[in-house]
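Colleague: Could you teach me how to read the sheets and helices of a model like this one?
Modeller: Gladly; let us open it and go feature by feature.

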Amino acid sequence: MSDVPTRPRLADVAAAAGVSKSAASKVLNDAPGTSVSEETRARIHAAAERLGYRPHGPARSLATGRTGAIALVVPPLSNPTHATIARGASRRALERGFMTLTAEDLGDPASRAGLEMLIESGRLDGVLIGSASADSDLPYLLDRLRIPHVFVNRSNPRGRANVVMDVAQSARAAVDFLVGLGHQQLGHIGGPSEYTPSVERIQAFRRRCRELRLPEPTIALHSFDEGGGARGLAELRSVLEPPTAVFTSSFAQAVGVLGAAAQSGLDIPGELSVLANDDYPMADYLVPTLSTVQTPLAELGAAAVDQLIAIIGGADPHDTVIPTVPHIIARGSTGPGPDGIPHSEVTLPDEDLALPADPA
C-alpha cells in the first residue's frame, strides 16, 4: 500500500460540510448566482480548509469563466519597496485562491511589449498596477479589454480603484522626529514628479515645516534608486545653506546617500542625519545603521488584492487609503542637530505648493 497521501476531493469536502457536491463546488469556486446561507458557506470553507482542499484549476475555470490568475505590474524588484508590496500581494492572493504573475515594468519598449502581450492573452482575471505614472495609457488598454484593474501605491486619475497609503502621515512624522533631535534646516529627496505618492509626500513635508515655522526645506527630485539618492545628496549639499538632516522618499535613496557620503568624507550623523521612508532588515547592517519610518507596504499589497478580487466578483470599484500609523526606528544615521527646537507652532492654510522641476 502506498504511503503517498491522496489529494482531498470535492466530494470529501461536501461530505464533511453536509452539503451536495454541486453546492460545495459553487461556493468554493465563487460561482455567480450561488444561493446558500452564510452559515452554509462558512461551513463549506471551514471543511475545505480543514481537509486542505484547493479547487482544481481547469474545473474552476469551467465553473466560473475565470482563470484564477491575476497579474501584478511593478517597477524593478531591485527596489525593496516594490518587492515588499509584491510579497504581500502574492501571499494574500494565495490565501484567496488566486495565482499571481509578477511582471517588471522596466520602462523600456521590450518590457512594455511583453506586458501588453500578457494583458491581451486572455489568461488574467485582473491586474494590479504598481508602476504606471499618471500619464500612462495602460488604463485605456485595460478598459478596452474590460479587464478589472487596481492601482496600488499609485493614485492614478484615470483609475477607478486606487489603493494607497496616507503618505502625508509619514512625512509629517519624519519632520517632527528630525526637529525633535534639534534640526531645523531640513532637506528631502523625493521621487519623480509624475508619481503622485512622491508629490503628496513633498507637499506634506513642506506644510509641516511651515507649520513649525522652520526655514523652507530644500527639495531634490530624483529616481527612487540608490543613484537617485546619491545625486539628491549632491544637489542638497550644493545650496547656500545645506540641510543638517534629510528625509528620503525611498529606502534605496537613503542607501545611495550613505554610500555617497562615505565616498566624500561626509560624517553621518555628525554633519548630516539621514532618515529613510520604509524599513527593511538590512537597515541594521548598513554603516551606519539606518534610521527609518516603518510603512505598511505588505498590508498595502494585500488590500489591493482584496479590492481587485471584489471587483472581479462584481463589486463597484472605489479608492482605498490604508491608515498609516508612522513608527520611527532610530538607528545610527540620525543624531543631535546644531539647531534649537522651536517651541511655537502655527498651522498655515492649505495651498497648492509649487514643485521644483524634475531634473534631467
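What follows is a conversation about the sheets, helices and one loop residue of this structure.

Modeller: Please keep in mind that this is a predicted model.

Colleague: Let us begin with the sheets. What is the order of the strands in the open sheet with parallel pairing?

Modeller: Read a sheet by walking across its strands. Here the walk goes E2-E1-E3-E4-E5-E11, 6 strands in an open sheet. At its edges are strand E2 (99-104) and strand E11 (320-322), each with pairing on one side only. From neighbour to neighbour the strands are turned by 20 degrees on average, with direction ignored.

Colleague: How many bridges join E3 to E4, and which residue stands opposite Leu128?

Modeller: E3 and E4 run parallel and are joined by 3 bridges. Leu128 has Val150 in E4 opposite. Moving along the sheet, E4 is joined to E5 by 2 bridges, again in parallel, and Phe151 has Asn162 in E5 as its bridge partner. Then E5 pairs with E11 in the parallel sense over 3 bridges, where Met165 stands opposite Ile322.

Colleague: Are the residues on the two faces of strand E5 buried or exposed?

Modeller: For a strand, look at both sides in turn. In E5 (residues 162-165), Asn162 and Val164 are on one side, Val163 and Met165 are on the other, and all of them are buried. Both faces of this strand are therefore covered, taking buried as under 20% relative accessible area.

Colleague: Now a helix. Which residues of helix H7 are buried?

Modeller: With a helix, ask where the buried residues sit around the axis. In H7 (residues 138-145) they are Leu138, Pro139, Leu141 and Leu142. They lie on the same side of H7 because they cover an arc of only 160 degrees around the axis. The face turned away from that buried side carries the exposed residues Tyr140 and Arg144.

Colleague: What covers the buried residues of H7?

Modeller: The cover includes helix H6 (109-120), strand E3 (126-129) and strand E4 (149-152). H7 lies across E3 and E4, and runs at about 160 degrees to E4. Just after H7 comes Arg146, with a positive phi near 55 degrees.

Colleague: What is the order of strands in the sheet with mixed pairing?

Modeller: That open sheet also takes the walk-across approach: its 6 strands follow the order E7-E6-E8-E9-E10-E12. Strand E7 (218-221) and strand E12 (327-329) are its edge strands, each pairing on one side only. The twist from one strand to the next averages 20 degrees. Within this sheet, strand E8 (residues 245-248) and strand E9 (residues 273-277) pair in the parallel sense over 4 bridges, and Ala245 stands opposite Ser273 in E9.

Colleague: Which strands does helix H9 lie across, and which does helix H11 lie across?

Modeller: Helix H9 (residues 196-211) lies across strand E6 (186-190), E7, E8 and E9, and runs at about 170 degrees to E6. Helix H11 (residues 251-264) lies across E6, E8, E9 and strand E10 (291-294), at about 155 degrees to E9.

Colleague: And when two helices cross? At roughly what angle do the axes of H1 and H3 cross?

Modeller: Take the distance between the axes, then the angle, then the residues in contact. The axes of helix H1 (residues 10-17) and helix H3 (residues 38-51) come within 9 Å and cross at roughly 125 degrees. H1 and H3 are therefore oblique to each other. Among the residues making the contact are Val13 and Ala16 of H1, and Ile44 and Ala47 of H3. The crossing of H1 past H3 is right-handed.

Colleague: How do the axes of H5 and H12 cross?

Modeller: Helix H5 (residues 80-95) and helix H12 (residues 297-312) have axes that come within 7 Å and cross at roughly 45 degrees. That angle makes H5 oblique to H12. The contact includes Ile85, Gly88 and Ala89 of H5, and Leu297, Gly301 and Val305 of H12. H5 passes H12 in a right-handed crossing.

Colleague: One last item: where is Ser20?

Modeller: Ser20 is in the loop between H1 and helix H2 (21-28). Ser20 counts as partly exposed because its relative accessibility is 42%. Ser20 and Leu10 are 10 residues apart in sequence, with 9.8 Å from C-alpha to C-alpha.

Key: Residues numbered from 1 in each chain as written. Predicted model: local features only at pLDDT ≥ 70, side-chain atom pairs only at ≥ 80, totals over all residues. Heavy atoms only, no water. Buried < 20%, exposed > 50% of the residue type's maximum accessible area, 1.4 Å probe, protein only. Arc of directions from axis to C-beta. Contact = heavy atoms within 4.5 Å. Pairing = 2+ DSSP bridges. Axes fitted to C-alpha atoms, helices over the stretch in contact; angles between N-to-C directions. Parallel < 35°, antiparallel > 145°, perpendicular 65-115°, else oblique. Left-handed = near helix turned anticlockwise from the far one by under 90°.
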